[in-house]
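Please look over the sequence and the model shown below before reading on. The paragraphs that follow move from individual loop residues to the packing of helices, strands and core.

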Amino acid sequence: MSVQAEEEQVAPAARVAGAQGVAPAAGLTSAPDAAIDQALGKLDSTQLRDEYVDQGSFLYLSDFLPRDATQRLIDAANALMPEVNRNFIPGHKAGGSVSRHTIDRLQPYIAELYRSPKLIAWLEKITGDRLQLSPEDDPHAYALYYYTRAGDHIGWHYDTSYYDGRRYTVLLGVIDESSCILDYELHTRDDSKPDEPGAVQYPPGALVLFDGDKLRHRVTPSREGEVRVSLTFEYVTNPNMRPWRRFISNMKDAIAYFGFRQVFRKALQSARVGGGKAGGSV
Ligand SMILES: [Fe+2]
């Protein structure tokens, strides 16, 4: 298959709702741990753990983040529009991405939310695993995905772990002025259960959690004039990655998401300062 990478910048979309960068007051629930505290207050985590297990390591919550935390994500996503790296893989994927490296530089609130001890403790309760942050040089550790042009989508895939352990994906809805749907199939890798299709159009503040190697999923194409931005967090159970897998992972990230400059410059920097591990996967 011929693979093309299209790298260009996306013009800022001032029309997007909530585009004005309103700095929230300090100490409100948008402070990451406080926001997660508020989110968890209305949930029955024991019941959700059962639901997650029944669904083959998948959970969807249509209303997770408090409104002011969601608004901070919307503001961040709009502020990062000029940083979007566009990519196109014929027959599989079209869209834009902003990596954790750019987020670290320009919108550190997202990184703080990713590292929220309360969020991680809750995810551990739901998944039943001890979770670790993805390594510093993994551009997918936290990243924004942008659908801003007609036909932006991603075809059926798993979020394959190139790490020695499991890789969990959290998706948070940020902007959804689109008809895009997250289609998924549960139990595809469990011979004891029939495949079970499902679909969600997750709105701002919604959460999707799954084991990347277990959930087959896709996002359907956007139409002209639509905008959709989602935030992904990636947690792992073992951050070690073997060199050949690191190479494959880096190539995928460079072509399918963030561009060669972002991926390999960071990987080389990490190697120079002490053998960091690269990651991320489609
Ligand atoms: Fe995915």
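In which loop is H187 found? In this model, which is predicted, H187 belongs to the loop that runs between β8 (182–186) and β9 (196–200). The phi of H187 is near 65°, which is a positive value in a residue other than glycine. Most residues other than glycine have a negative phi. H187 counts as partly exposed, because 18 other C-beta atoms lie within 10 Å and the partly exposed class falls between 12 or fewer, for exposed, and 20 or more, for buried.

S57 also has a positive phi, near 70°, again in a residue other than glycine, and its place is in the loop between α2 (45–54) and β1 (58–61). With 24 C-beta neighbours inside 10 Å, S57 is therefore counted as buried. A further loop residue, N240, sits between β12 (227–236) and α7 (243–258), and N240 is exposed because 12 other C-beta atoms lie within 10 Å. The C-alpha atom of N240 is nevertheless separated by 8.7 Å from that of P135, although the two residues are 105 residues apart along the chain.

The helix that follows the loop of N240, α7, has buried residues R246, S249, N250, D253, A254, I255, A256, Y257 and F258. After α7 comes G259, whose phi is positive and near 90°.

The protein as a whole has eight helices and 12 strands, and buried residues make up 43% of its 282 residues. Of the contacts with a separation of 6 or more, 85% are accounted for by residues 24 or more positions apart.

How do two of the helices pack? Two packed helices are described by the angle between their axes and the distance between the axes. For helix α1 (residues 32–41) and helix α6 (residues 117–127), the axes come within 7 Å and cross at roughly 40°, which means that α1 is oblique to α6. On the α1 side the contact is made by D33, I36, D37 and L40, which meet P117, K118, L119 and W122 in α6. Sorted by type, the residues of this contact divide into five nonpolar, no polar and three charged.

Among the strands, β2 (residues 85–89) has a covered face formed by N85, N87 and I89 and an uncovered one formed by R86 and F88. Strand β2 runs antiparallel to strand β3 (residues 93–98), and five bridges join the two; within this pairing, R86 stands opposite G96 in β3. The hairpin of β2 and β3 has three residues between the strands, and in this hairpin G91 takes a positive phi near 80°.

In soluble globular proteins, nonpolar side chains tend to be buried together. The largest nonpolar core here has 57 residues, of which L73, A77, I110, L144, V174 and V229 touch the most other members. Leaving aside residues up to four places away in sequence, I110 touches L73, A76, I103, Y142 and L231. Another core, of seven residues, lies apart from the largest one and has I89, I255, A256 and F258 among its members. This second core thus brings the reader back to elements already met, since I89 is on the covered face of β2, while I255, A256 and F258 are among the buried residues of α7.

Technical notes
Residues numbered from 1 in each chain as written. Axes fitted to C-alpha atoms, helices over the stretch in contact; angles between N-to-C directions. Helix = DSSP H or I, 4+ residues; strand = E, 2+ residues; numbered from the N terminus. Parallel < 35°, antiparallel > 145°, perpendicular 65-115°, else oblique. Contact = placed C-beta atoms within 7 Å. Nonpolar A, V, L, I, M, F, W, Y, C, P; charged D, E, K, R; others polar. Core = buried A, V, L, I, M, F, W, Y, C linked by C-beta atoms within 7 Å. Pairing = 2+ DSSP bridges.
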